[in-house]
Every structure is written in structure tokens, then in C-alpha cells.
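User: Got a minute to go through this model with me? I'd like to talk about strands and ring contacts.

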Amino acid sequence: MNRYYFIVDGERAKCRLDIFITGQCAELSRSYVQKLIEEGRVTVNDNPSKANYKLRAGDRVQLEVPPAEELRVEPEKIPLDIYYEDADVVVVNKVRGMVVHPAEGNHSGTLVNALLYHCRDLSGINGILRPGIVHRLDKDTSGLIMVAKNDHAHQCLTQQLKDRTVTRRYTALAHGVIKEEKGTIDAPIGRDPRERQRMAVVEKNSKSAVTHYRVLERFQYYTLAECRLETGRTHQIRVHMAYIKHPLVGDPKYGPAKAHFGLDGQLLHAGVLGFTHPSTGAYLSFSAPLPDVFEKILEQLRTQESLDF
């Protein structure tokens, strides 16, 4: 049983309890923290509290994280494109269309199912359904993802994400022509108050979010851009690009109602990943090429063939 103790300072007063804890323990997902709160494993001033409790300066927060439960996710023999692996870390080039971890109603065919078959030993910090998962990619976002094989590696990699020292560069095809060569989107992201299944740029109950972008190539109606994450919020690039009126092509949630090119998911690829190895201290960097569907659409745009909208 791991126990954590925190004293709330003035800067974090009025923060929600669940948001405060995920800020202090970045290795824990917010949904997992909410589960711990519901189970009574979180107290404020020695009393059970609710996830939406607004903290006050001087509050004493105590958190108990139970040992990882026996895993109830079945290993599955699913091919993986592994770029690197040792006793601490696995780096996988995730295919477009693959879900990272199981969720309600979706317990098979995920990256976690495949990883459990491949290596069996993954960190248990994020509970039984997300073993080893340090960060994630959306289902239709392809590219590189790092996975921890033990708790030490998980904590180290999570801290690097928190310290913003992990390199994460994505290639995206966006609607419209971006005029400036590069820019930074610094806009907080939280749940869309009107539609809880979406994220949005909002001031209330949000987290700081920063995305840097630069133009790689321009077409008549589209822009190919590289996006570099400084933070890692849910749907961050998709939300930020839609916020500046350049939603990603194919994005079913934040883009046009009718997807161009017959796509059923956004054209977003995590092409570059770099981090410091949790044991050796060496900096590792990896790059993965665009998936075929992405390349074919770019070839179509470059040859100015008739576009099938």
C-alpha cells in the first residue's frame, strides 16, 4: 500500500480534489483517482471527501493507493511494430485504429492486450486495465508510444512528462491554409460543459495546455503541419487545431460533419518520440514514417488529382 500526504498551498486553493491529486501524482489517471475517492481511499483533514470538493489553503490530503490487482485483461497474440525494448521500456509504433487500453465494452484487441502477450511484465501503477501505460494515443492516431515494464520506469517516465522533457512531435493534416510559418497555442483544456464526451478550450476546471506548430507543406485547401506537445492533455492537438479554426482532416469529433477523403478518423501521426532512459540516463530518440493512408492522401494532394470529398 502506497500512501501520499499533501498540504494544500494558496496557489491550489479552490482546486477540485481529483484534479489536485492528478497534478501531484501525474502517474495516476484522473479516472483512477476518482475511483480511489469513491472507495474512500482519499481523505481531506482525516475525513472522506468527494472528487469535486474545492480545496482550501492548509487542507491536509491523504491518499492510499492499493497494490495492483491481479490483471483481468487477457493477453492476445496481436502483431506489434516494436522499435525498442529492454528490461524497463518498450517503444511501439501503434497502428491507426488500435485502442491503447481496455475500457467499458472494449476489453480486447487493444495495445495492452497485445503487450501482455508479448512481454507479460508491465508496471501496475495505473490499475488493472492500464498496465504499463505512461501516456496514450487516441484510437485513430498512429505512431510511437512508450510503455513502462516496471514501476520504477513508470514513475521516471511520468515525471519526465510532468517536467515537459519528453519530445513528442506529431504530423497532422489540417483543414484550411495556415498563413504563419509557425506558432504556439497556449489555451487551457477541460471537459466541454455542453458535451461531456468532448474536450474544449475552457477556463473553468481545465489544465494548462501548450502546443507548438510549424507548417511543413501547404495545399489549396489543407496544411500539413508538425505539432510539438509541451503538455499532454486529452485530445490536445485535435482541440487546439480546431480552436484556431484548422481542425484535423478526418476528425469525427472536432472536424467537419462530413469527413473528407472518406476517412473515419483524424490524420494525426506521432512520428517522433524522445526521452531519457529511466535506468541508464541515456537520451533515446525514435522516428516512425507516416502510415500508408496518410501518405496516399498527401500524394493525391501533391499531384493535384481530383479530390474525393
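Analyst: Sure, terms first: buried means under 20% relative accessible area, exposed over 50%, and partly exposed in between, with a 1.4 Å probe and protein chains only. Helices (H or I, at least four residues) and strands (E, at least two) are DSSP runs, numbered from the N terminus. This is a predicted model, so local features need pLDDT of at least 70 and side-chain atom pairs count only at pLDDT 80 or more, while totals for chains, interfaces and linings use all residues. Residues are numbered from 1 along each chain as its sequence is written, and side-chain values use heavy atoms, leaving out hydrogens and water.

User: OK, strand S4: which side chains are buried there?

Analyst: Val61, Leu63 and Val65 are buried and point to one face of S4, residues 60-65. Arg60, Gln62 and Glu64 point to the other face and are not buried.

User: Why the alternation?

Analyst: In a regular strand the side chains alternate between the two faces of the sheet.

User: And which strands does S4 pair with?

Analyst: By definition, two strands pair if DSSP finds at least two bridges between them. S1 and S4 are antiparallel, with six bridges, and asparagine 2 has valine 65 in S4 as its bridge partner. Strand S2 (residues 42-44) also runs antiparallel to S4, joined by three bridges; there, threonine 43 stands opposite glutamine 62.

User: Switching topic: how many residues are in the hairpin link between S10 and S11?

Analyst: Two residues join S10 to S11 in that hairpin. S10 covers residues 189-192 and S11 residues 195-201, and four bridges hold them in an antiparallel arrangement. Aspartate 192 is the bridge partner of glutamate 195 in S11.

User: Now the rings. How many aromatic pairs?

Analyst: Five. Rings of Phe, Tyr and Trp (its six-membered ring) pair if their centres lie within 6.5 Å; planes under 30 degrees apart count as stacked, over 60 as edge-to-face and the rest as tilted. One of the pairs is phenylalanine 6 with phenylalanine 20, edge-to-face at 5.9 Å centre to centre and 90° between the planes.

User: Where do those two sit?

Analyst: Phenylalanine 6 is in strand S1 (residues 2-7) and phenylalanine 20 in helix H1 (residues 17-24), 14 residues apart. Both are buried, and ring pairs link Tyr4, Phe6 and Phe20 into a cluster.

User: What about phenylalanine 275 and phenylalanine 286?

Analyst: That pair is tilted, 6.2 Å centre to centre with 35° between the planes. Phenylalanine 275 lies in strand S15 (residues 268-276) and phenylalanine 286 in strand S16 (residues 283-287), so the pair ties together parts 11 residues apart in sequence.

User: Are these two phenylalanines, 275 and 286, buried or exposed?

Analyst: Both phenylalanine 275 and phenylalanine 286 are buried.
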